[in-house]
Amino acid sequence: MFRYLIKPTIAAIMATHSISSLANPTTRMDDGVVCLADNIYFEARGQGVQGWKAVANVVRNRVNNKKYPNDVCDVIYQRKQFSWTLYSRTDTSYRDNALYQKIVTFSRQFLYNKGADNTRGALFYHSKKVAKSAIGVSALRKTATIRDHIFYRLAVLPKKQTKRM
């Protein structure tokens, strides 16, 4: 039924929870919306809409990149990509708060509407609190700084020159 063992409660929530703030109150949350909303909540809930959009764009950019899975949840739960996914969360009471519901509405609109990428193609980001040396940014090119996060994409590295004899 649900393929993400780390988040077994999402299936139950999807089966019973509708989003009343949308035009159609019977619309059920799908996997991608729940995964993206959870990711935004834990990675950028205090960063404002531009921060939410930036984190969502990194997920979208990865989904659209052949080096990553082509599914929102698969990208988010890919091993060691987003730190909050490393911990099992059985308490989902955060989903009842007003901020989370705003993030769900944002996530649904983001996934179903193409908008400008405020990260300029970023595939990676980190908090300003994390030392650059800890994440190995030498092969990355900075694309944006939004609130407390710095965003990067892969740098185009020069091809190795071969000696001609």
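**Group meeting: a walk through the fold**

Okay, so reading along the sequence, the chain runs α-α-α-α-α-β-α-β-β. That's six helices and three strands. Before I go on, keep in mind that this is a predicted model. The chain has 165 residues, and buried ones make up 44% of them.

Let's start with the helices, and with helix 2, residues 31–44. Helix 2 is 14 residues long, and from first C-alpha to last it covers 19 Å, close to the 20 Å expected at 1.5 Å a residue. Is helix 2 enclosed or open to the outside? Well, 13 of its 14 residues are buried, so helix 2 is largely enclosed by the rest of the structure.

Next up, helix 3, residues 48–63. With 16 residues at 1.5 Å each step, you'd want a span of 22 Å, and the end C-alpha atoms sit 23 Å apart, which agrees. Helix 3 is mostly covered too, with 12 of the 16 residues buried. If you're following on the structure, the buried ones include Trp52, Asn57, Arg60 and Arg62, and Val63 is on that list as well.

One residue I'd like you to click on is Gly51, in helix 3. How buried is Gly51? Its relative accessible area is 4%, and the cut-off for buried is under 20%, so Gly51 counts as buried. Now look at what it sits across from: the C-alpha atoms of Gly51 and Asp148 are separated by 8.4 Å, though the two are 97 residues apart along the chain.

On to the sheet. Which strand order do we get? It's an open sheet of three strands, ordered 1-3-2, and the pairing is antiparallel. Strand 1 (124–127) and strand 2 (140–146) are the edge strands, each with a single partner, so one side of each has no neighbour in the sheet. From one strand to the next, the twist averages 25°. As a general reminder, strands of a sheet pair through backbone hydrogen bonds, parallel or antiparallel.

Let's take the pairs one by one. Strand 1 and strand 3 pair over four bridges, and in that pairing Ser127 stands opposite His149 of strand 3. Strand 2 and strand 3, the latter being residues 149–154, pair over six bridges. There, Lys142 faces Tyr152, while Ile146 stands opposite His149. So His149 in strand 3 turns up in both: across from Ser127 and across from Ile146.

Strands 2 and 3 also make a hairpin, with two residues between the strands, and Arg147 there takes a positive phi near 55°.

Last topic: the pockets. In general, rolling a probe the size of a water molecule over the atoms shows where empty space is left. I'll just show the second largest pocket, which has a volume of about 210 Å³. It's lined by 15 residues, and the closest to the centre are Gly32, Val63, Asp71, Val72 and Leu111. Which elements give two or more residues to that lining? They are helix 2, helix 3, helix 4 (72–76) and helix 5 (98–112). Helix 3 gives the most, with four residues.

And what's the chemistry of that lining? Eight of the residues are nonpolar, two are polar and five are charged.

So, to wrap up: helix 2 is largely enclosed, helix 3 is mostly covered and gives the most residues to the lining of the second largest pocket, and the three strands form an open antiparallel sheet in the order 1-3-2. That's my bit, thanks.

Note on methods: Residues numbered from 1 in each chain as written. Predicted model: local features only at pLDDT ≥ 70, side-chain atom pairs only at ≥ 80, totals over all residues. Heavy atoms only, no water. 1 Å grid on protein atoms, 1.4 Å probe; cavity = no way out; pocket = protein on both sides within 12 Å on 5 of 7 lines; lining within 4 Å. Points joined across faces, edges and corners; volume = space filled by probe spheres on them. Nonpolar A, V, L, I, M, F, W, Y, C, P; charged D, E, K, R; others polar. Expected span 1.5 Å × (residues − 1). Buried < 20%, exposed > 50% of the residue type's maximum accessible area, 1.4 Å probe, protein only. Pairing = 2+ DSSP bridges. Axes fitted to C-alpha atoms, helices over the stretch in contact; angles between N-to-C directions.
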